[in-house]
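Please open the model in your viewer and keep the selection panel at hand. Each stop below names what to select and then describes what is there.

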Amino acid sequence: MRDPYEVLGVSKSASHADIKKAYRHLAKKFHPDHNKNDPKAASRLAEINAAYEVVGDEDKKVKFDRGEIGADGKPRFAGFEGFGAGPGGFGGFSKGGAGAGGSRFEFNFGSQGFDAADILSDLFGGATRRGAGAAAAGGARRGGDVVATARVSLETAVRGGSARVVLPSGRTLDVSIPAGVEDGKQIRLRGQGQAGPVGAEPGDAIITVKIAPHPQFRVEGRDLRLDLPVTLYEAALGAKVATPTLSGTVELAVPPGSNGGRVLRLRGKGLPAADGKPAGDLYVTLKVMLPEATDPEFEALMKKWRDGKPYDPRKGP
């Protein structure tokens with residue numbers, strides 16, 4: 001692996017604040033959300049995360065600068081003499097003090113470690129959340145959870161399917177999307193989070209579903225909203241108007257004398273029932289549209305109404 005300082009573009013003497021600032025800049029620059037057409041962005045982000053895991057953690061930075069751990073964060077075994085029991089025994093080596101010529105190295109498997117993706121919560125909503133702690137005194141910590149977003153079409157949310165997500169580490173997962181899923185629903189994938197310390201189970205991946213904008217329908221929870229253009233005579237006289245729904249076109253009864261902006265409801269035509277919740281409704285807002293082409297007869301009729309039967313729709317009660 002490359003030198004972490006080189007990856008982040010900072011000097012060895014850089015302060016913790018400067019290292020963090022450099023990491024935030026690079027993580028935002030190379031995040032796959034901003035580089036959808038660059039297949040190398042994910043691997044570059046993974047390299048940036050790995051570098052920050054080492055020199056962004058003050059304890060690991062000290063060990064790296066002293067040569068006790070490598071660029072991958074793993075201990076370097078420079079010698080094997082003088083291993084002894086007691087305070088300096090295996091699982092807690094300390095540098096020096098193992099007798100004449102002896103050499104012992106600090107080596108703590110139970111350390112909490114460092115979670116670089118924490119910072120990504122400020123950038124993309126993709127972050128890690130720490131495990132709940134040791135299961136018992138001396139127990140191994142669970143790996144951190146990771147959070148990411150799955151953006152799906154309305155059709156996928158309705159019928160179900162799969163979506164590919166990019167984790168903060170740059171790793172990709174194909175997530176199964178259940179039929180009828182709501183916008184903002186969270187899906188937990190066990191064991192797909194960060195690896196725990198030696199002997200500990202990995203964390204989970206928590207995926208938040210986001211439904212992409214649709215050219216016709218707007219999603220509000222389990223309900224949908226639709227703007228439906230109608231003619232002046234359909235609004236005035238009433239009519240049955242072909243209206244799109246998720247399950248196909250239906251005829252909507254427009255009552256006589258309907259004003260533009262009137263909302264009509266089609267029960268059960270929203271998102272389908274799921275997770276014990278009933279199907280949502282489709283709310284249709286009427287938009288009265290005048291003829292596109294100029295028509296002398298229509299204009300004459302409007303002038304006759306204006307002069308003979310004026311009214312003020314903006315007049316207050």
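Begin by selecting Trp305, which is found in helix H7; helices here are DSSP runs of H or I with at least four residues, strands are DSSP runs of E with at least two, and both are numbered from the N terminus. Trp305 counts as partly exposed because its relative accessibility is 43%, where buried means under 20% relative accessible area, exposed means over 50% and partly exposed lies in between, with a 1.4 Å probe and protein chains only. Before going further, note that this is a predicted model, in which local features need pLDDT of at least 70 and side-chain atom pairs count only at pLDDT 80 or more, while totals for chains, interfaces and linings use all residues. Residues are numbered from 1 along each chain as its sequence is written, and side-chain values use heavy atoms, with hydrogens and water left out.

Now extend the selection to the whole of H7, residues 296-308. This helix of 13 residues reaches 18 Å from its first C-alpha to its last, close to the 18 Å expected at 1.5 Å a residue, the expected span being 1.5 Å times one less than the number of residues. At its N-terminal end, select Asp295, which caps H7 through a side-chain oxygen that lies 3.0 Å from the backbone nitrogen of Glu297.

With H7 still in view, add Leu232, Leu290, Leu301 and Met302 to Trp305, since together these residues make a nonpolar surface patch of about 450 Å². Patches are made of residues with over 30% relative accessible area and no salt bridge, with like charges joined within 9 Å and nonpolar side chains (Val, Leu, Ile, Met, Phe, Trp, Tyr) joined within 5 Å; the accessible areas come from the Shrake-Rupley method with a 1.4 Å probe, and for residues only the protein chains shown count as cover. Which element gives the largest share of the nonpolar patch? H7 does, with three residues.

Move next to strand S8, residues 223-231, which pairs with strand S7, residues 217-220, in the antiparallel sense over four bridges; two strands pair if DSSP finds at least two bridges between them. Select Phe217 to find its bridge partner in S8, Leu226. The hairpin of S7 and S8 has two residues between the strands, and Gly221 there takes a positive phi near 65°.

S8 also pairs with strand S12, residues 282-289, this time in the parallel sense over eight bridges, and Leu228 has Leu286 as its bridge partner in S12. Strand S11, residues 263-266, is joined to S12 by four bridges and runs antiparallel to it, with Val263 standing opposite Thr285 in S12.

In the loop between S11 and S12, select Asp275. Most residues other than glycine have a negative phi. Asp275, however, has a positive phi of about 55° although it is not a glycine, and it counts as exposed at 63% relative accessibility.

Select Glu182 next, in the loop between strand S4 (172-177) and strand S5 (186-189). Is Glu182 buried or exposed? Glu182 is buried, because its relative accessible area is 18%. Its side chain is joined to that of Arg222 by a polar contact of 3.2 Å, that is, a pair of N or O atoms within 3.5 Å in which, within protein, one must be able to donate a hydrogen and the other to accept it, residues adjacent in sequence counting only if both atoms are side-chain atoms.

The last main stop is Asp145, which is buried with a relative accessible area of 7%. The side chain of Asp145 meets that of Arg142 in a salt bridge of 2.8 Å, N to O, a salt bridge being a side-chain nitrogen of Lys or Arg within 4 Å of a carboxyl oxygen of Asp or Glu. Asp145 also forms a salt bridge with Arg188, with the closest N and O atoms 3.6 Å apart. This pair links distant parts of the chain, as Asp145 is in strand S2 (residues 145-152) and Arg188 in strand S5, 43 residues apart. Arg188 counts as partly exposed, at 38% relative accessibility. Widen the selection to Arg142, Asp145, Arg188, Arg190, Glu201 and Asp204, which are linked in a network of salt bridges; a search of the whole structure finds 21 salt bridges.
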